[in-house]
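Colleague: I am new to this structure and would like to learn how to read it. Could you walk me through it with me asking as we go?

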Number of protein chains: 2
Amino acid sequence: MVDRILHQISGIVTLNDTERAAFVAITSFRSLRKHELLLRAGDVCRAITFVHSGCLRLFYNIDGVENTVQFFCENAWHTDYGSFLTGRPSSENTQALEACEVVQFHRTDLEQLYLQHPVFERLGRISAENAFMSLGARNAMLTNQTPEERYQQLAHDRPELLQRVPQYHIASFLGIKPETLSRIRKRMVSRV
Amino acid sequence: MVDRILHQISGIVTLNDTERAAFVAITSFRSLRKHELLLRAGDVCRAITFVHSGCLRLFYNIDGVENTVQFFCENAWHTDYGSFLTGRPSSENTQALEACEVVQFHRTDLEQLYLQHPVFERLGRISAENAFMSLGARNAMLTNQTPEERYQQLAHDRPELLQRVPQYHIASFLGIKPETLSRIRKRMVSRV
DNA sequence: CGCGACGTTGATTTGCCTCAACGATTGTGG
DNA sequence: CCACAATCGTTGAGGCAAATCAACGTCGCG
């Protein structure tokens, strides 16, 4: 189960046997039932999570309204940096949309790893840089594109998401209401 | 001039004399006139920039419309990670809103630094993590708050910005039109 | 079967944008 | 030093896209 992670990492940094062993030693596994919360607003996020199977949804709860910000499917990494790094309570929620198998890395273990093997500092740097870039891409999408353009881009970039995630979560992710997404889809088919 | 940078860094990592010397050795200085572009869309971003004095504005140009995304004032760090890391042309513009003094670190030099002194990997990791967090904060602001709430939060978080930056850039940063910001401000004073 | 969750559709409202005009201020050239 | 233009913020009128409110059909499931 760790093999997929190691394989993914091998595209970023090269680990020797000692480093690989130290890395594997701090993994911990967890299963999530459908709808179960991996992280609840108010709790402190103490781990970085690798999604082995299933799909997670990250959202804010604002006065009872859920604003979905991101989906994490197979091979994606999740954490709330803001809480993870500062130790402050998270304002985000993360929920399993399906039954999930995840691998977790706890903060205290990771800090040891950083100190003992600088190669993980490099991995952490590049990972954070990549996370920053994808967040920037989402930002650009939200500020520069119309709802319809956003939907089309999502359909192009992650078509499988539209199959496995309820439409009202997609709408929230796109920053619109379910009714509006329904109308956008209707407009699009009638225009083919 | 490098002292301010070293001081800021000292809050993140501790450098020994060798490391400090290596760091200082790769700095380069640059002055920007008001309205001058530090980075132009289409160019490759080859450096990380520290703002010693003045103020920069980061924006997208979409069909002639400028969408302002961020302001960088004294002691702030700027780069386009997307371009800097991949070597691809940037889609962002960065403009000096005032006469600026900046310190730059070029990619090739930084890569050497990373290889020679692991402490800079750590610095890079933490910097990227911080950048991610502030971008996440902006994201949350845009998705969870109304225009008026966004303006109030900005006025609370960075009041000096409202003094030194034209209002139409503030409006763009908040994701609204100048006329709308003007009306929001009017509503707010009449409600005191 | 009956209930709840989900997507769709219609009617209406609303908040922001667009377009336009107008002062105030700043800067510039004669 | 003043006339003039350009820039910027404000205000008003009107339009429009998405939100809101409401109702309904379908599907899956206890």
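Colleague: Which helix gives the most to the surface near DNA strand C?

Modeller: This is a predicted model, so keep that in mind as we look. A residue counts as near a strand if its C-beta atom lies within 6 Å of it. Here α9(A) gives the most to the surface near DNA strand C, with six residues. At least two residues each come from α8 (167-174) and α9 (178-189) of chain A, and from α9 (178-189) of chain B.

Colleague: Which residues come nearest to DNA strand C?

Modeller: Of the 15 residues around that strand, the nearest are A:Gln167, A:Tyr168, A:Ser182, B:Lys177 and B:Thr180. By class, this surface has five nonpolar, four polar and six charged residues.

Colleague: And what surrounds DNA strand D?

Modeller: There are 15 residues around DNA strand D, and A:Lys177, A:Thr180, B:Gln167, B:Tyr168 and B:Ser182 are the closest. On this surface α9(B) gives the most, with six residues. The classes are five nonpolar, four polar and six charged.

Colleague: How are chain A and chain B related?

Modeller: In general, two copies of a chain are related by a rotation about an axis and a shift along it. In this model, a rotation of 179° with 0.1 Å of shift along its axis superposes chain A on chain B, with an RMSD of 0.1 Å. The two copies are therefore related as by a two-fold rotation axis. In chain A, A:Arg125 has the C-alpha nearest the axis, 1.8 Å from it. Both copies use the same surface: 96% of the contact residues of chain A recur in chain B.

Technical notes: Residues numbered from 1 in each chain as written. Chains lettered and ligands numbered in written order. Predicted model: local features only at pLDDT ≥ 70, side-chain atom pairs only at ≥ 80, totals over all residues. Helix = DSSP H or I, 4+ residues; strand = E, 2+ residues; numbered from the N terminus. Nonpolar A, V, L, I, M, F, W, Y, C, P; charged D, E, K, R; others polar. Least-squares fit on C-alpha atoms with pLDDT ≥ 70 in both. Contact = placed C-beta atoms within 7 Å.
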